[in-house]
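Colleague: Please take a close look at one spot in this chain and follow its surroundings outward as far as they lead. I'd like one connected account, with the reasoning spelled out where a cut-off decides the matter.

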Amino acid sequence: KTNVMFLKTHKTASSTVLNIMFRFAERYNLTVALPAGQLVHLGYPKTFLAHFVEGFQTIGQHYNIMCNHLRFNLSEVQKVMAVNTFYFSILRNPIPLLESSYVYYKDNVPAFRISKDVNEYLTSPTKYYRSADYKQNIYARNIMWFDFGYDNNAEDNKEYTQEVLKEIEQNFHLILIADYFDESMILLKHALCWDLDDVIYFKLNSRSQDTVQTLTPESEERIKEWCSLDWKLYLHFNQSFWRRIEETIGLEELEKEVNHLRMRQKELMETCLSDQEAVMKDHIKNKALLPFQSGAANILGYNLKQALDNRTLRTCQKMVMPELQYTSHLYAVQHP
């Protein structure tokens, strides 16, 4: 399948998925719906409109891949993407998700800025969180719900949440789970009829362990209440994820393919990387490969081996290229 729309959610390993999508687009010479005016996202946090895409007036419905951040709006996405487009997204357990958001967006989000640390924030979120500042505070509550186009401050009542879950099921062919990333990649490969090298990846936009704040058990429970819409979203699609695996691949075959993926990944790391792993921002030698840094997070990157032949170098560069640099690169290729 070459017409694919990926709804890139926040702090869910979605930058790694974006890199997979970009490399696939280049490999098969596909057209990516890039943000208009060389922005990095498609109008986010505004609800998506077709004209947020570069060249939409002239290209119309002839894009193959859409995967930069946007706030989902089906009718407008359909103006850009072909009728037979495959829609998928990714979710993550809201407990580590909120901690990750907190550290990453600490300086930008009013609710986070004025609290000392994530546990203090969660002791009484309403003390720090003003829904009136919702545009700045979206990362502080039910961020996935918001990314899917819904009100992240909506009241959590059963009828409403059931309706939304049903709508998401109708709009998306597949929802992956970041907590089972390798399993997700195998499921995606099967759903799209891609080959293993199309879903191989190096982890991008991850941060160093020393910036992770440890949540207390009380905080973990509070996240389930405070982000109850995200929690329900996650539980629902975590179940359907495993159901889908059992129906289409089977757990035994899944394990085999996951091992295969990890072996191939290790092989590529040995080929490409001088350190065999991600390194701290200060240790990245080629500044062109430095990922965007945010908040109190130390975003890791990679050093490539010296003296790689041209073809290998290109492959390796693409695998470690951070999101902003890759978006600019595609922009130069598609809109010279």
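Modeller: Let's start with T211, keeping in mind that this is a predicted model. T211 has a relative accessibility of 14%, and since buried means under 20%, T211 counts as buried. Its place in the chain is the loop between helix 11 (181-192) and helix 12 (217-226), so here we have a loop residue that is buried. What does T211 touch, leaving out residues up to four places away in sequence? The contacts are E99, V103, A296, A297 and N298.

Two of those contacts, E99 and V103, take us into helix 4, which spans residues 94-104. Helix 4 also has a hand in the largest cavity, giving the most to its lining with 3 residues. The lining consists of P94, L97, L98, R141, N142, I143, C227 and D230. Don't expect much room in there: the space comes to about 30 Å³, and the count of cavities of 30 Å³ or more is 1.

The other contacts of T211 are A296, A297 and N298. Not far along the chain is F292, which sits in the loop between helix 14 and helix 15. Is F292 buried, exposed or in between? Its relative accessible area is 48%, which falls between the 20% and 50% cut-offs, so F292 is partly exposed. With residues up to four places away in sequence set aside, F292 touches Y104, N205, I299 and L324. One of these, Y104, has the number at which helix 4 ends, so both loop residues reach that helix: T211 through E99 and V103, F292 through Y104. If you want a distance for scale, F292 and A33 are 259 residues apart in sequence and 22 Å apart in space, C-alpha to C-alpha.

Now for the two helices that flank the F292 loop. They are tied together by a disulfide between C272 and C316, with 2.0 Å from S to S. The link joins distant parts of the chain, as C272 belongs to helix 14 (residues 251-272) and C316 to helix 15 (residues 310-320), 44 residues apart. The torsion about the S-S bond is -75°, making it left-handed, and both cysteines are buried. The disulfide count for the model is 1.

Why is C67 not bonded to C193? The closest cysteine sulfur to that of C67 belongs to C193 and is 19 Å away, too far for a bond when the limit is 2.5 Å. C193 is in no disulfide either, and its nearest cysteine sulfur is that of C67, 19 Å away. Their settings contrast as well: C67 is buried at 0% relative accessibility, whereas C193 is exposed at 62%.

Back at helix 14 and helix 15, the second largest pocket comes into view. Both of them, along with helix 1 (14-27), supply at least two residues each to its lining, and helix 15 gives the most, with 6. In all, 20 residues line this pocket, and R23, R27, D197, T315 and M319 lie nearest its centre. Its space is about 540 Å³.

One last stop is the sheet. It is open, with 4 strands in the order 2-1-3-4 and parallel pairing. Strand 2 (65-66) and strand 4 (174-177) are the edges, each pairing on one side only. Strand 3 (residues 86-91) runs parallel to strand 1 (residues 4-7), joined to it by 4 bridges, with V4 standing opposite F86. Strand 3 also pairs with strand 4 in the parallel sense, again over 4 bridges, and there L91 has I177 as its bridge partner.

In a regular strand, side chains alternate between the two faces of the sheet. For strand 3 both faces are covered, with F86, F88 and I90 buried on one side and Y87, S89 and L91 buried on the other. That makes 6 of its 6 residues buried, so strand 3 is largely enclosed by the rest of the structure. Helix 13 (residues 228-248) lies across strand 3 and strand 4, running at about 100° to strand 4.

Technical notes
Residues are numbered from 1 along each chain as its sequence is written. This is a predicted model: local features need pLDDT of at least 70, side-chain atom pairs count only at pLDDT 80 or more; totals for chains, interfaces and linings use all residues. Side-chain values use heavy atoms; hydrogens and water are left out. Buried means under 20% relative accessible area, exposed over 50%, partly exposed in between (1.4 Å probe, protein chains only). Two strands pair if DSSP finds at least two bridges between them. Contact means heavy atoms within 4.5 Å. Axes are lines fitted to C-alpha atoms, for helices over the stretch in contact, and angles run from 0 to 180 degrees between N-to-C directions. On a 1 Å grid over the protein atoms alone, a cavity is a set of points where a 1.4 Å probe fits but cannot get out, and a pocket is an open set with protein on both sides within 12 Å along at least five of seven lines; lining residues have an atom within 4 Å of a point. Grid points are joined across faces, edges and corners, and a volume is the space filled by probe spheres set on the points.
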